[in-house]
Amino acid sequence: MFHAATKLTVVTEQFVASDVCRIIEDCGGRGYTMVSAGGKGSHGVHPTQARATVADGFENVMVETVASDREPIDRIARRIMDECLSDKPGMFYLQDVEVCRFERF
């Protein structure tokens with residue numbers, strides 16, 4: 001019922017997320033999920049509650065995509081690192097996951 005897959009999670013600022021999503025699509029990703037993200041890291045605390053900001057686009061978001069084959073995930077991760085995160089804040093990680101409805105990934 002469950003099948004092995006790989007999940008890529010990217011946490012970055014909202015204005016970078018459109019490039020991340022474009023790369024996922026360019027590399028054959030079947031879809032992605034994007035949600036608001038908050039937490040604490042090397043750049044301080046990033047709250048998720050509604051608040052006034054000086055400039056839109058600097059809120060953190062988390063973008064996730066899953067693929068049944070590791071190769072496209074590696075290609076996506078390489079391009080995100082080279083094109084999006086080499087000079088902008090953000091991080092990403094990979095996880096081995098199990099999915100049902102395997103044909104969607």
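Start your tour of this predicted model by selecting Arg 22 and Asp 19, which sit three residues apart in helix 1 (residues 14-26), about one turn of the helix from each other. Show their side chains: the two form a salt bridge, with 3.8 Å between the closest N and O atoms. Color by accessibility if you like. Arg 22 counts as partly exposed at 34% relative accessibility, and Asp 19 is also partly exposed, with a relative accessible area of 30%.

**Stop 1: around Arg 22**

Keep Arg 22 on screen and add Asp 26. These side chains meet in a salt bridge too, at 3.4 Å from N to O. Asp 26 and Arg 22 are four residues apart in helix 1, so about one helical turn separates them. An α-helix has 3.6 residues a turn, so residues three or four places apart point the same way. At 48% relative accessibility, Asp 26 counts as partly exposed.

Which residue outside helix 1 should you select next to find a salt bridge with Arg 22? Pick Glu 83: the closest N and O atoms of Glu 83 and Arg 22 are 3.8 Å apart. Glu 83 belongs to helix 2 (residues 70-85) while Arg 22 belongs to helix 1, so this pair ties together parts that lie 61 residues apart in sequence. Glu 83 is partly exposed, at 37% relative accessibility. Now add Arg 79 to the selection, and you have the whole network: Asp 19, Arg 22, Asp 26, Arg 79 and Glu 83 are joined by salt bridges that share partners. The structure holds nine salt bridges.

**Stop 2: the whole chain**

Zoom out and switch to a cartoon. You will find two helices and six strands, running β-α-β-β-β-β-α-β from the N terminus on. The chain has 105 residues, and 31% of them count as buried. If you draw the contacts with a separation of 6 or more, 82% of them are between residues 24 or more positions apart. Turn on the surface as well: the accessible area comes to about 6,600 Å², with 51% belonging to carbon and sulfur atoms.

**Stop 3: the sheet**

Next, hide everything but strands 2, 5, 1 and 6. They make an open sheet of four strands in the order 2-5-1-6, with antiparallel pairing. Strand 2 (33-36) and strand 6 stand at the edges with a single partner strand each, so one side of each has no neighbour in the sheet. Look along the sheet to see the twist, which averages 20 degrees from one strand to the next.

Now select strand 1 (residues 3-13). Is this strand enclosed or open to the outside? Nine of its eleven residues are buried, so strand 1 is largely enclosed by the rest of the structure. On one flank, ten bridges join strand 1 to strand 6 (residues 90-99), and the two run antiparallel. Label a couple of these pairs: Ala 5 has Val 97 as its bridge partner in strand 6, and Ala 4 has Glu 98. Strand 1 also pairs with strand 5 (residues 60-67), again in the antiparallel sense, over eight bridges. There, Val 10 stands opposite Val 63.

**Stop 4: the helices on the sheet**

Bring both helices back. Helix 1 lies across strand 1, strand 2 and strand 5, and runs at about 150 degrees to strand 1. Helix 2 packs on the sheet as well, touching strand 1, strand 5 and strand 6, and its direction makes about 170 degrees with that of strand 6.

Which residues of helix 2 are buried? Select Pro 72, Ile 73, Ile 76, Ala 77, Ile 80, Cys 84 and Leu 85. Their cover includes strand 1, helix 1, strand 5 and strand 6.

**Stop 5: the core**

Finish inside. The largest nonpolar core has 18 residues, and those touching the most other members are Leu 8, Val 20, Ile 23, Val 63, Ile 76, Ile 80 and Cys 84. At least two residues of this core come from each of strand 1, helix 1, strand 5 and helix 2.

For a last close-up, center on Leu 8 and show what surrounds it. Leaving aside residues up to four places away in sequence, Leu 8 touches Val 63, Glu 64, Thr 65, Ile 73, Ile 76, Ala 77, Ile 80, Phe 92, Tyr 93 and Leu 94.

Terms used
Residues numbered from 1 in each chain as written. Predicted model: local features only at pLDDT ≥ 70, side-chain atom pairs only at ≥ 80, totals over all residues. Heavy atoms only, no water. Salt bridge = Lys/Arg side-chain N within 4 Å of Asp/Glu carboxyl O. Buried < 20%, exposed > 50% of the residue type's maximum accessible area, 1.4 Å probe, protein only. Contact = heavy atoms within 4.5 Å. Areas by Shrake-Rupley, 256 points an atom, 1.4 Å probe, with all protein chains shown as cover. Pairing = 2+ DSSP bridges. Core = buried A, V, L, I, M, F, W, Y, C linked by side-chain atoms within 4.5 Å. Axes fitted to C-alpha atoms, helices over the stretch in contact; angles between N-to-C directions.
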